[in-house]
Amino acid sequence: QRHRQPLQDQAQDVLAQAKLHKLHEKIQGARDSGDTTVALASMDEVIAGNPEVEKSLGTKKFIALLDLGQFERAYAYGDRLVTTVYHEEPGALNMIAWTVVDPESKLEHRDYEFSIKAAKRACELTEWKDPAILDTLALGLFESGNYTKALKIQEKAVEYAKGTQYEEELTGRLEKFRKAVREQG
């Protein structure tokens with residue numbers, strides 16, 4: 001016989017979901033209007049009242065802190081995400097790391113050591129076989145000045161990217177890394 005959830009608990013779950021949906025709408029509305037401060041305050045409110053939803057809001061909060069230029073707070077929060085909330089979530093770890101290394105981003109302060117930590121954990125979780133995550137790690141290493149290690153990891157990323165949507169972009173980055181290593185001597 002299956003254990004059934006009491007009706008009262010079911011009703012509370014429905015109310016909690018409705019409240020969460022409303023808060024998500026509030027956050028998205030604030031983000032859409034460009035009011036990062038309101039969006040961040042709303043996220044803090046939701047996370048404080050419902051720690052389990054931090055998984056769905058953690059990356060948004062991290063990006064909001066970066067958008068506001070609160071870099072010290074952003075990277076401290078990001079570190080918490082890497083070591084606890086997303087410790088077993090390679091996709092989220094990669095997203096956080098990529099936010100920092102993305103060459104098209106206009107981010108003013110990039111903590112490459114932080115991005116390397118997040119990407120390394122994501123690589124461990126994917127057994128060092130995911131080309132997109134390897135690429136993120138390689139780019140973080142390259143930008144931090146570790147050209148040789150970046151080149152080795154990017155070569156592996158390109159190998160795993162053969163025949164995928166990432167192949168061209170990753171191969172282009174590999175050539176950039178090779179050129180930098182040659183010029184370095």
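These legends describe close-up views of a predicted model. Local features need pLDDT of at least 70 and side-chain atom pairs pLDDT 80 or more, while totals for chains, interfaces and linings use all residues. Residues are numbered from 1 along each chain as its sequence is written, and side-chain values use heavy atoms, without hydrogens or water.

**View A. Helix α9, residues 167-184.** Helices are DSSP runs (H or I, at least four residues), numbered from the N terminus. α9 has 18 residues and spans 26 Å from first to last C-alpha, close to the 26 Å expected (1.5 Å times one less than its number of residues). Gly-185, just after α9, has a positive phi of about 100 degrees.

**View B. The two sides of α9.** Leu-170, Arg-173, Leu-174, Phe-177 and Ala-180 are buried (under 20% relative accessible area, 1.4 Å probe, protein chains only). These buried residues fall within an arc of 125 degrees seen down the axis, so they line one face of the helix (the arc uses directions from the axis to the C-beta atoms). Glu-168, Arg-182 and Glu-183, on the other side, are exposed (over 50%).

**View C. Tyr-75 and its contacts.** Beyond neighbours within four places in sequence, Tyr-75 is in contact (heavy atoms within 4.5 Å) with residues including Phe-62, Leu-66, Val-100 and Phe-114.

**View D. Ser-115 in helix α6.** Ser-115 counts as buried because its relative accessibility is 2%. Its side chain reaches the backbone oxygen of Tyr-112 at 2.8 Å. Beyond neighbours within four places in sequence, Ser-115 is in contact with Ala-97, Val-100, Val-101 and Gly-140.

Technical notes. A polar contact is a pair of N or O atoms within 3.5 Å; within protein, one must be able to donate a hydrogen and the other to accept it, and residues adjacent in sequence count only if both atoms are side-chain atoms.
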